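Please open the structure in the viewer and keep the selection panel at hand. The tour proceeds from one selection to the next.

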Amino acid sequence: MGMEKNGNAEGKLSEYLYPPEILKRLDFSKSPAKFHPKISAVDPGEDWMIVRPLQRSDYDKGFLQLLSQLTSVGNITRKQYDDRFTKMKHSGGYYVTVIEDTRINKLIGAATLTIEQKFIHNCSLRGRLEDVVVNDTYRGKQLGKLIVVTVSLLAQELGCYKMSLDCKDKLIKFYETLGYKMEPGNSNAMNMRFDEPS
Ligand SMILES: CC(=O)SCCNC(=O)CCNC(=O)[C@H](O)C(C)(C)COP(=O)(O)OP(=O)(O)OC[C@H]1O[C@@H](n2cnc3c(N)ncnc32)[C@H](O)[C@@H]1OP(=O)(O)O
C-alpha cells in the first residue's frame, strides 16, 4: 500500500505538460536554421542533454530561476506553480518545452508555444512563441536555436497556419535565421499595460 502511494506520488511529479512523443515526430530538415554540428530535439548533441515538455517536478529543477533570466518572475510558491501547471494542462494549448542538463538535474533552456483557437481561416490555429531563454552560462552553443526550432516545428506539426513572436530589435537577426520574417506594413507590436501607472 505504502509503495503504491509512493509510486503514485512519483508518477505525478514526473507528469508532463503535454505528451513527449510529439517531439519525436519533428523533422528538423524542414527548418531553414543551420546547425553546426547538426542537432535536433531527439538528438541534442550531448548525452547529458534532453529536450522535453515541462514536468510538474521542474519547480525543483530551477525552472523559475531560468525564467528570471528573461524577466521578473516573483516569489512563486510550489503550490502556485502546481496550480498553474494543472490549469495549463486542463485548458490545453500550452506547450512549455525545456532543455535539461541531466548531470545536474537543472533546466538550461526553455521556450513556450501557445496555440490560439480561431474561427477565421476556416477555424484555424495560430501559434505564438513566448518566453524563450537559455541559461547565460550555456549561451552561444546553439541551444537558443534548438529550443526555438523545436517549438516552431511543433506548431507546424500541430496544425498552426502561422507562428508569431514579439522581440527586441537586437534579436530580429537571430529569429530571421530561424525562418521568421518582418512583414512589410504588418510588423508592429502594440501593448496596453495594466500593470503600471500611466
Ligand atoms: C519571443 C521571445 O521570447 S524573445 C526573448 C528572448 N530571450 C531573451 O532575450 C532572454 C535572454 N537571452 C537568452 O536567453 C539567449 O541569449 C537567447 C535565447 C536569445 C539565445 O540563446 P543562445 O543559446 O545564445 O543562442 P544560439 O547559441 O542558438 O545563437 C544563435 C545565433 O544567434 C546569435 N545571437 C544569440 N543571442 C543574440 C543576441 N542577444 N543578440 C544578437 N545575436 C544573438 C548568436 O550569435 C548565434 O549566431 P550564429 O549562429 O551566427 O553563431
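Begin by selecting the ligand together with lysine 145: a backbone N or O atom of this residue lies 2.9 Å from an oxygen atom of the ligand. The model on display is a predicted one. With the ligand still selected, note that the protein covers 67% of the 960 Å² of accessible area that the ligand has on its own.

Next, add valine 132, where a polar backbone atom is 2.7 Å from a nitrogen atom of the ligand. Then add aspartate 131, which places a backbone N or O atom 3.4 Å from a ligand oxygen atom.

Now display the whole shell around the ligand. Of its 19 residues, the nearest are Val132, Val134, Gly140, Gln142 and Lys145. Which element supplies the largest share of this shell? Strand β4 does, with six residues. To see the wider setting, colour β4 (125-134), α5 (143-157) and α6 (172-176), each of which contributes at least two residues to the shell. Colouring the shell by class instead gives nine nonpolar, three polar and seven charged residues.

The second part of the tour concerns salt bridges, of which the model has 12. Select arginine 52 and aspartate 58, whose side chains form one such bridge, with N and O 2.8 Å apart. Are these partners buried or exposed? Residues under 20% relative accessible area count as buried. Arginine 52 is therefore buried, because its value is 4%; aspartate 58 is likewise buried, because its value is 0%.

Move on to glutamate 116, which takes part in a salt bridge with lysine 118, the closest N and O atoms being 3.1 Å apart. Glutamate 116 is partly exposed, with a relative accessibility of 26%, and lysine 118 is partly exposed at 23%.

Keep glutamate 116 selected and add arginine 128. These two residues also form a salt bridge, and their closest N and O atoms are 2.5 Å apart. Arginine 128 belongs to strand β4 and glutamate 116 to strand β3 (residues 106-117), so the pair ties together parts that are 12 residues apart in sequence. Arginine 128, at 26% relative accessibility, counts as partly exposed.

For the final stop, select Glu15, Arg56, Asp82 and Lys89 together. Salt bridges with shared partners join these four residues, Glu15, Arg56, Asp82 and Lys89, into one network.

Note on methods: Residues are numbered from 1 along each chain as its sequence is written. This is a predicted model: local features need pLDDT of at least 70, side-chain atom pairs count only at pLDDT 80 or more; totals for chains, interfaces and linings use all residues. Side-chain values use heavy atoms; hydrogens and water are left out. A residue is near a molecule or strand if one of its heavy atoms lies within 4 Å of it. A polar contact is a pair of N or O atoms within 3.5 Å; within protein, one must be able to donate a hydrogen and the other to accept it, and residues adjacent in sequence count only if both atoms are side-chain atoms. Accessible areas come from the Shrake-Rupley method with a 1.4 Å probe; for residues, only the protein chains shown count as cover. Helices (H or I, at least four residues) and strands (E, at least two) are DSSP runs, numbered from the N terminus. Ala, Val, Leu, Ile, Met, Phe, Trp, Tyr, Cys and Pro count as nonpolar, Asp, Glu, Lys and Arg as charged, and the others, Gly among them, as polar. Buried means under 20% relative accessible area, exposed over 50%, partly exposed in between (1.4 Å probe, protein chains only).
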